[in-house]
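Hi there,

Here is the structure I promised to pass along. Please open it next to this email and follow along as you read.

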Amino acid sequence: MASHTGELTPAVRVKDLHRSFNKAGGVLNGLDLDIAPGEFVALLGRSGSGKSTLLRALAGLDRGVTGTGRIEVPEKVSVVFQDSRLLPWKRLLDNVTLGLRVANAAERGVQALAEVGVAGREKAWPHELSGGEQQRAALARSLVRDPELLLADEPFGALDALTRIRMHTLLRKLCEVHQPAVLLVTHDVDEAIVLADRVIVLDDGVVRHDARIDIHGRRSQADPAFARLRAQLLTELGVEDDHDAPGRPTRAHLDERAAS
Ligand SMILES: Nc1ncnc2c1ncn2[C@@H]1O[C@H](COP(=O)(O)OP(=O)(O)OP(=O)(O)O)[C@@H](O)[C@H]1O
């Protein structure tokens, strides 16, 4: 997808995007954003800053909202939400392959479930799975479509801290294999730093901050670069960094327990 200038054609291109729900004011106010193919972008912002509104606009799920601007997204887009949105009356494999019109859909579904770590549960009903397993299945349902763009709105927000860390490892691995462009909405600054190639902060309906993450420094909380970036992002968000507060479990502790 290289252009004649040698630059990659973006997977996502958003230009001058405006969105509002009523006459009182805009939620997105002329937002511009490009995401490269295979790039993992985390989207932070205060509550109500328009993160979900942007994600829904990219997903084409914002009917009834007024606005202008240009959105270009790839043909194959998958969306994951905070809840798995599995259909309770369908078994797991049928949920994962729902609407998948390829000859080997069942085979691909079985493979995707194995890839996310729920092999052998194809015939289970969604309610027979834990919250973490349901989110794994939701990821399988997204990836079985081989998306060029994965949109994720707080996909781990409802999970406990240990499960969340396991899901981070899984998502990172899946992204290395499938290489979709990713836009991940999260409230968790550490999650953003651990997962993303780039973090953007939304404020007042535009991108206020846009930082590429140094891949070598981002994995460990103990790394000074990690702490510096966290402090910077928390300042952007107007939040105090309580990382050194007594009794706060560190990511390193949780990583150790997640690995055990
Ligand atoms: N369906 C709707 N009708 C009217 N207003 C809405 C609707 N959905 C969102 N809004 C408003 O738009 C603004 C942005 O909402 P949005 O959900 O995009 O924010 P967010 O950054 O995702 O917030 P949070 O972090 O709390 O999930 C908020 O002020 C919200 O009240």
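Below is a walk through what I found, region by region.

First, a word of caution: this is a predicted model. The chain counts 8 helices and 9 strands. Of its 260 residues, 37% are buried. If you look at contacts with a separation of 6 or more, 69% of them join residues 24 or more positions apart.

**The three-stranded sheet**

A good place to start is the open sheet of 3 strands, ordered S2-S1-S4 and paired antiparallel. Its edges are strand S2 (28–35) and strand S4 (66–72), each of which pairs on one side only. On average, neighbouring strands here are turned by 10 degrees against each other, ignoring direction. Strand S1 (residues 12–20) is joined to S4 by 6 bridges, and the two run antiparallel. To find the register on your screen, look for His-18, which stands opposite Thr-68 in S4.

Helix H1 (residues 51–59) lies across S1, S2 and S4, and runs at about 120 degrees to S1.

**Around the ligand**

H1 comes up again at the ligand, where it gives the most to the surrounding shell, with 3 residues. Which residues surround the ligand? They are Phe-21, Val-27, Gly-45, Ser-47, Gly-48, Ser-49, Gly-50, Lys-51, Ser-52 and Thr-53. Sorted by class, the shell has 7 polar, 2 nonpolar and 1 charged residues.

**Strands S3, S8 and S9**

Strand S3 (residues 40–45) and strand S8 (residues 198–203) run parallel and are joined by 5 bridges. Within that pair, Ala-42 has Val-199 in S8 as its bridge partner. S8 is also joined to strand S9 (residues 206–212), this time by 6 bridges and with the strands antiparallel. There, Leu-202 stands opposite Val-207 in S9. The hairpin of S8 and S9 has 2 residues between the strands, and Asp-204 in this hairpin takes a positive phi near 55 degrees.

**Helix H4 and its surroundings**

Next, please turn to helix H4 (residues 131–143). Its 13 residues reach 18 Å from the first C-alpha to the last, close to the 18 Å expected at 1.5 Å a residue. Is H4 mostly covered or mostly exposed? It is mostly covered, with 12 of its 13 residues buried. Among the buried residues are Glu-133, Arg-136 and Arg-141, along with Leu-139 and Leu-143. What do the buried residues of H4 pack against? Their partners are strand S5 (77–80), helix H2 (92–97), helix H3 (105–115), strand S6 (149–153) and helix H5 (161–178).

**Leu-129**

One last residue to click on is Leu-129, found in the loop between H3 and H4. Why does Leu-129 count as partly exposed? It has 18 other C-beta atoms within 10 Å, and a residue needs 20 or more to be buried and 12 or fewer to be exposed, so Leu-129 falls in between. Leaving aside residues up to four places away in sequence, Leu-129 touches Arg-121, Ala-124, Gln-134 and Ala-137. Two of these contacts, Gln-134 and Ala-137, are among the buried residues of H4. Leu-129 and Leu-92 are 37 residues apart in sequence, while their C-alpha atoms are 9.4 Å apart in space.

Happy exploring, and do write back with any questions.

Best wishes

Key. Residues numbered from 1 in each chain as written. Predicted model: local features only at pLDDT ≥ 70, side-chain atom pairs only at ≥ 80, totals over all residues. Pairing = 2+ DSSP bridges. Helix = DSSP H or I, 4+ residues; strand = E, 2+ residues; numbered from the N terminus. Axes fitted to C-alpha atoms, helices over the stretch in contact; angles between N-to-C directions. Contact = placed C-beta atoms within 7 Å. Near = placed C-beta within 6 Å. Nonpolar A, V, L, I, M, F, W, Y, C, P; charged D, E, K, R; others polar. Expected span 1.5 Å × (residues − 1).
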